[in-house]
Amino acid sequence: MLSKYVFLLLLVCTGCILLFITLVERGLRPQNLKINLMQLQTVYEMTGESPGVSRIIIGPSSCNATFLIWIVTSYAGELSARSALRRAYTVEELQALGIGRVFLLGTLNDDAERKTHVQQNALLDESRRFNDILQGDFLDTYRNLTRKHLMGLQWAVTNCKDVKYIMKMDDDIVVNLYGILEKLLSDTIQENSLIGYTMRNMIPVREPANKWYVSRMEYADSIYPEFVSGWLYLVQPQVASRLIDHAESSREYFWIDDVFVTGILRRALNVRIQNISEFYTTDHRYLECCMKGRASLLKCEFLVGPNGGNAELQVRFKEFAKFCQANCTVRKESNLVGKTCVVAYKEPSPYKGAAQISPIRIL
């Protein structure tokens, strides 16, 4: 009788062990979970506020601009680009030209502060020293570029009542400010338009591994509306005000800022684009070729281009541009830098995604 009970007990224990092993194995198997890509990709926080409204943490005491306000999107943890722009175009020179400059920043979380070695106290000190920091209460991430962009336009419209133009630029872009002013003072500028490098037939990036990935939930169409590159564009305050008002009233939001502000919002308001892409180069090496023309007293046809990862190019190109403004002559058609500069071919990239644009000529 006793052996019978022992056998049953062993049988029950064996069953329990087998059941335990089965449950453990199931727990270790990878599960086919359905992940919400919108939750993974969306790092901005949509509160009850309009996407065009951001609380300001740090702001300049005044606008200090009478002709043009220059708003520059900059990563809070990247000081070198801001330093180069301040050294290239000093506050004193900008004031003499009727220009004010403001850098647009977000906030850094603990991880970003550790990686960049830039803390909020350092940004507060930078603001006290230069009075040109506009920081919004949102994380400084790609997904918050639209918030940063709209914050800058809103501040400019509200605080710079007397300016004729707003110039939005990225901090890794090189600019010939004298050439830009000369262009604005000419009689070729169209009223009530966005002025810049026109982007056409731009296709959303649908590859999830790409940092510029856009899901169909975020943007359903297969092509973006025509817009201007966020590298640098110009707009009159009254047009910027309309864009901001529409963003707030429609409560729309798309995180790729130049597509949203100068494409989606612009199209909704039927604002025109004035294409001045002939003044842009998509390769920083053309700017290097331009500066070699100083010896021959030749100007550069390009006013805007990338710094190629070298912030000091901004300082060098400004010195060249200032010298040539008074001493150089306009290049002849046959001697344009775009036709004579010899560089290895490099895929043009005035934007993050895929595009169909007019090719630059490489010799």
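Cys290 and Cys300 are both buried in this predicted model. The two residues form a disulfide in which the sulfur atoms lie 1.9 Å apart. The torsion about the S-S bond of this pair is about 45 degrees, and the link is therefore right-handed. Because Cys290 belongs to helix H11 and Cys300 to the loop between H11 and strand E10 (304-306), the bond ties together parts separated by ten residues in sequence.

Helix H11 also contributes to a further disulfide. Cys289 is joined to Cys341, with an S to S distance of 2.0 Å. This pair connects distant parts of the chain: Cys289 is located in helix H11 (residues 284-292), whereas Cys341 is found in the segment after helix H13 (337-340), 52 residues apart. A torsion of about 60 degrees about the S-S bond of Cys289 and Cys341 makes this disulfide right-handed. Both Cys289 and Cys341 are buried.

Another disulfide is formed by Cys63 and Cys160, whose sulfur atoms are 2.0 Å apart. Cys63 lies in the loop between strand E1 (56-58) and strand E2 (68-73), and Cys160 in the loop between H7 and strand E5 (165-170), so the bond ties together parts that are 97 residues apart in sequence. The link of Cys63 and Cys160 is right-handed, with 105 degrees about the S-S bond. Burial applies to both Cys63 and Cys160.

Over the whole structure, a search finds four disulfides. When the bonded cysteines are counted along the chain, the connectivity follows the pattern 1-2, 3-8, 4-5, 6-7.

Helix H7, which precedes the loop of Cys160, was examined for its length and its surroundings. The helix comprises 15 residues (residues 145-159), which at 1.5 Å a residue should span 21 Å; the C-alpha atoms at its ends are 21 Å apart, in agreement with that expectation. Twelve of the 15 residues of H7 are buried, so the helix is largely enclosed by the rest of the structure. The buried residues of H7 include the run Leu145, Thr146, Arg147, Lys148, His149, Leu150, Met151, Gly152 and Leu153. Trp155, Ala156 and Val157 of H7 are buried as well.

Strand E7 (residues 193-199) is likewise mostly covered, seven of its seven residues being buried. The strand pairs with two others, in opposite senses. With strand E9 (residues 272-275), E7 pairs in the parallel sense over four bridges, and Ser193 stands opposite Arg272 in E9. With strand E8 (residues 227-235), the pairing of E7 is antiparallel and extends over five bridges. In E8, Phe227 is the bridge partner of Met199.

Confidence in the prediction varies along the chain. The protein chain has an average pLDDT of 86, and 80% of the residues score at least 70. Over residues 21-49, however, pLDDT stays under 50, and the model gives this stretch 23 contacts beyond four places in sequence. Residues 353-363 also have pLDDT below 50, and this stretch has 27 contacts in the model beyond near neighbours in sequence. Where pLDDT is low, the predicted coordinates should not be read in detail.

Notes: Residues are numbered from 1 along each chain as its sequence is written. This is a predicted model: local features need pLDDT of at least 70, side-chain atom pairs count only at pLDDT 80 or more; totals for chains, interfaces and linings use all residues. Side-chain values use heavy atoms; hydrogens and water are left out. The expected span of a helix is 1.5 Å times one less than its number of residues. Buried means under 20% relative accessible area, exposed over 50%, partly exposed in between (1.4 Å probe, protein chains only). A disulfide is a pair of cysteine sulfur atoms within 2.5 Å. pLDDT is the predictor's confidence in each residue, from 0 to 100. Contact means heavy atoms within 4.5 Å. Two strands pair if DSSP finds at least two bridges between them.
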